[in-house]
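Open the model in a viewer and keep the sequence panel at hand. The stops below go one selection after another.

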Amino acid sequence: MEPHRCLWAKGDKYILYHDTEWGVPIHDDRLLFEFLVLEGAKAGLSWSTILNKRDNYRQAFDNFDPAIVAKYGDKKRQTLLSNPGIVRNRLKIDAAIQNAKAFLATVQEFGTFDQYIWSFVGHRPIQNAWKSMQEMPARTPESDAMSVDLKRRGFKFVGSTICYAYMQAVGMVNDHVVDCFRHRELARKRRGKEGG
């Protein structure tokens, strides 16, 4: 029998993403940068659009190596703007390059981006207990604070709603609904870590 999932997990790619990635705490800087770019690219679009283009994004953006992306010049910008495999939006492409620069500056200050970004939740995932997706907020005081600070550091496409979606994606919050099998798994993982 199929396990009970969050209602949005429909279709093979979405189900795989839901079951293996969404809400899993990420502490790898490269992956944290990847999600920062992808969540920014998603603005005004659906996550399925981005998920379907994710492999193209990895190829187009040098596997999201911020040190490489930060050095992109006009020629690379033009290449990205003519790449049908990604969202061809000048503002979003420029934001990805600017965010790579801001990302590197933040890493220089904090040692890792992980150290910086997880400070907004006290370095521990927030365990929510929503019964339905309707209860889920679009933003929280934590995402508001993150948005303000990221903007102050020169990041683009980091409004509070984007920041909250980012927090959900990288596991800073467990927003699987309570009757989803992943909610229990991720809550258990967190307890195991704290007990260990």
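Is Thr106 buried or exposed? The model is a predicted one. Select Thr106 and show its surface: the relative accessible area is 1%, and because buried means under 20%, Thr106 counts as buried. Thr106 sits in helix H6, which covers residues 90-110.

Next, show the neighbours of Thr106. Leaving aside residues up to four places away in sequence, Thr106 touches Phe113, Tyr116, Arg153 and Phe155.

Move on to Phe113. With the same limit on sequence distance, its contacts are Asp29, Leu32, Leu36, Phe103, Thr106, Val107, Leu150, Phe155 and Tyr166. Phe113 also belongs to the largest nonpolar core, where Phe61, Phe113 and Ile117 have the most contacts inside the core. That core holds 58 residues. To see where they come from, colour helices H1 (12-20), H2, H3 (47-60), H5 (74-81), H6, H7 (113-117), H8 (141-152) and H9, each of which supplies at least two residues of the core. H2 gives the largest share, eight residues.

Now turn to the internal spaces. How many cavities of 30 Å³ or more are there? The count comes to two.

For the largest cavity, select Val37, Gly40, Ala41, Lys92 and Ala96, which are the closest to its centre among the 14 residues that line it. The space inside the largest cavity is about 100 Å³. Helices H2 (29-42) and H6 each supply at least two residues of the lining, and H6 has the largest share with five residues. By class, the lining of the largest cavity divides into 10 nonpolar, two polar and two charged residues.

Where is the lining of the second largest cavity? Select Leu36, Glu39, Phe157, Val158, Ile162, Cys163 and Tyr166, which line it. H2 and helix H9 (160-169) are the elements that give two or more residues to this lining. The largest share, three residues, comes from H9. The second largest cavity has a volume of about 40 Å³, and its lining has six nonpolar residues, no polar ones and one charged residue.

For a last view, keep Leu36 and Tyr166 selected and add Phe113. Leu36 and Tyr166 are among the residues that line the second largest cavity, and Phe113 touches both Leu36 and Tyr166. Add Thr106 to return to the start: Thr106 is another contact of Phe113.

Conventions: Residues numbered from 1 in each chain as written. Predicted model: local features only at pLDDT ≥ 70, side-chain atom pairs only at ≥ 80, totals over all residues. Heavy atoms only, no water. Helix = DSSP H or I, 4+ residues; strand = E, 2+ residues; numbered from the N terminus. Buried < 20%, exposed > 50% of the residue type's maximum accessible area, 1.4 Å probe, protein only. Contact = heavy atoms within 4.5 Å. 1 Å grid on protein atoms, 1.4 Å probe; cavity = no way out; pocket = protein on both sides within 12 Å on 5 of 7 lines; lining within 4 Å. Points joined across faces, edges and corners; volume = space filled by probe spheres on them. Nonpolar A, V, L, I, M, F, W, Y, C, P; charged D, E, K, R; others polar. Core = buried A, V, L, I, M, F, W, Y, C linked by side-chain atoms within 4.5 Å.
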